[in-house]
Amino acid sequence: MAQLYGIQDNDVSVIARVGSGSACRSTKGGFVEWVMGERDDGEDSCAVEISPASAWSDLEVLILVVNDRRKDTSSTSGMKTSVQTSNLLKHRATTLVPEQIKPMKDAIDSRNFSTFGELTMRDSNQFHAVCLDTYPPVFYLSDVSRRIIQMVTKLNAAAGEILAAYTFDAGPNATLFVQSKHVAMVKAMCNFLFIDAEDKPDGFDQTLADKVNMAPEANSVRYIIHTKGGPGPCRLPDSKSLLDHDGQPLPL
């Protein structure tokens with residue numbers, strides 16, 4: 001649509017932001033910063049790419065889908081209520097987030113996973129603290145979400161280093177950042193604890209599982225998506241189109 005109407009790149013991000021902050025960031029690829037901006041009309045509040053995904057090629061992502069149904073509270077309505085009622089949100093927006101931006105950029109530039117992981121998890125915790133500070137409170141995390149947080153915390157403690165970093169947006173599904181060298185082990189641990197304890201694929205570490213010491217809950221996670229960062233939205237050539245020149249769907 002942006003190509004059709006000749007909308008400029010940053011304008012796409014601004015328009016998407018009207019829907020949600022996540023949508024605004026998704027118009028870019030790689031590592032993205034959502035710039036607050038200074039204008040009252042918000043026209044300079046948009047997402048900018050600070051580093052391409054290729055700059056950290058061994059950073060991978062596991063998405064643990066706890067619930068793929070529609071949320072009880074939408075991101076837009078939840079955030080509107082938070083803006084109106086949460087004093088913690090004001091402190092987060094004016095103090096906490098600005099203080100975290102530079103250390104996070106430095107961690108990405110230097111590929112410091114330990115710092116990156118800690119900042120990521122702290123930021124996620126702060127966001128959901130704002131949800132609880134909202135009146136009436138907004139509950140996005142489920143019991144399974146909290147068990148995933150517990151698993152990551154115990155796993156990192158058992159290993160003596162940050163092997164995985166969790167983050168949750170406005171919903172119960174977990175996004176785990178993991179370095180390539182640890183992906184097989186972390187994915188196997190998630191599968192063991194949340195999907196099928198009888199299935200122990202390559203990479204499963206029984207010693208770490210014993211240290212984590214959590215009882216498996218089969219099928220508490222619906223499925224796991226294994227992916228990586230990418231270049232973001234791009235225009236595909238006509239050869240990749242799903243429509244013919246008359247705008248009709250091509251047969252599959």
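By class, the residues that line the second largest pocket of this predicted model comprise 7 nonpolar, 3 polar and 2 charged ones. The volume of this pocket is about 420 Å³, and its lining is made up of M1, A2, Q3, L4, I7, Q8, D9, V12, T27, P233, C234 and R235. Two elements, α1 (2–5) and α2 (9–19), each give two or more residues to that lining, and the most comes from α1, which supplies 3 residues.

From the pocket the reader may turn to helix α6, which runs over residues 113–133 and has 21 residues. From its first C-alpha to its last, α6 reaches 30 Å, close to the 30 Å expected at 1.5 Å a residue. At the start of this helix, a side-chain oxygen of N112 comes to within 3.3 Å of the backbone nitrogen of S114. Further along, the buried residues of α6 include L119, T120, M121, S124, Q126, F127, H128, V130 and C131, and F113, F116 and G117 are buried as well. As a general point, an α-helix has 3.6 residues a turn, so residues three or four places apart point the same way.

Two of these helix residues also take part in aromatic pairs, for which the count in the model comes to 7. In one of them, W56 and F113 meet edge-to-face, with 6.5 Å centre to centre and 85 degrees between the planes. Because W56 lies in the loop between β2 (46–51) and β3 (59–65) while F113 belongs to helix α6, this pair ties together parts that are 57 residues apart in sequence. W56 has a relative accessibility of 3% and therefore counts as buried, and F113, at 4% relative accessibility, likewise counts as buried.

W56 forms an edge-to-face pair with F116 too, and here the values are 5.2 Å centre to centre and 65 degrees between the planes. Since W56 is in the loop between β2 and β3 and F116 is in helix α6, the pair ties together parts that are 60 residues apart in sequence. Both W56 and F116 are buried. Taken with further ring pairs, these contacts belong to a cluster in which F31, W56, F113, F116 and F177 are linked, so that the loop residue W56 and the α6 residue F113 can be followed on the structure as one of the ties between separate parts of the sequence.

Terms used
Residues numbered from 1 in each chain as written. Predicted model: local features only at pLDDT ≥ 70, side-chain atom pairs only at ≥ 80, totals over all residues. Heavy atoms only, no water. Helix = DSSP H or I, 4+ residues; strand = E, 2+ residues; numbered from the N terminus. Expected span 1.5 Å × (residues − 1). Buried < 20%, exposed > 50% of the residue type's maximum accessible area, 1.4 Å probe, protein only. Polar contact = N/O pair within 3.5 Å; in protein donor to acceptor, adjacent residues only side chain to side chain. Phe/Tyr/Trp six-rings, centres within 6.5 Å; stacked < 30°, edge-to-face > 60°. 1 Å grid on protein atoms, 1.4 Å probe; cavity = no way out; pocket = protein on both sides within 12 Å on 5 of 7 lines; lining within 4 Å. Points joined across faces, edges and corners; volume = space filled by probe spheres on them. Nonpolar A, V, L, I, M, F, W, Y, C, P; charged D, E, K, R; others polar.
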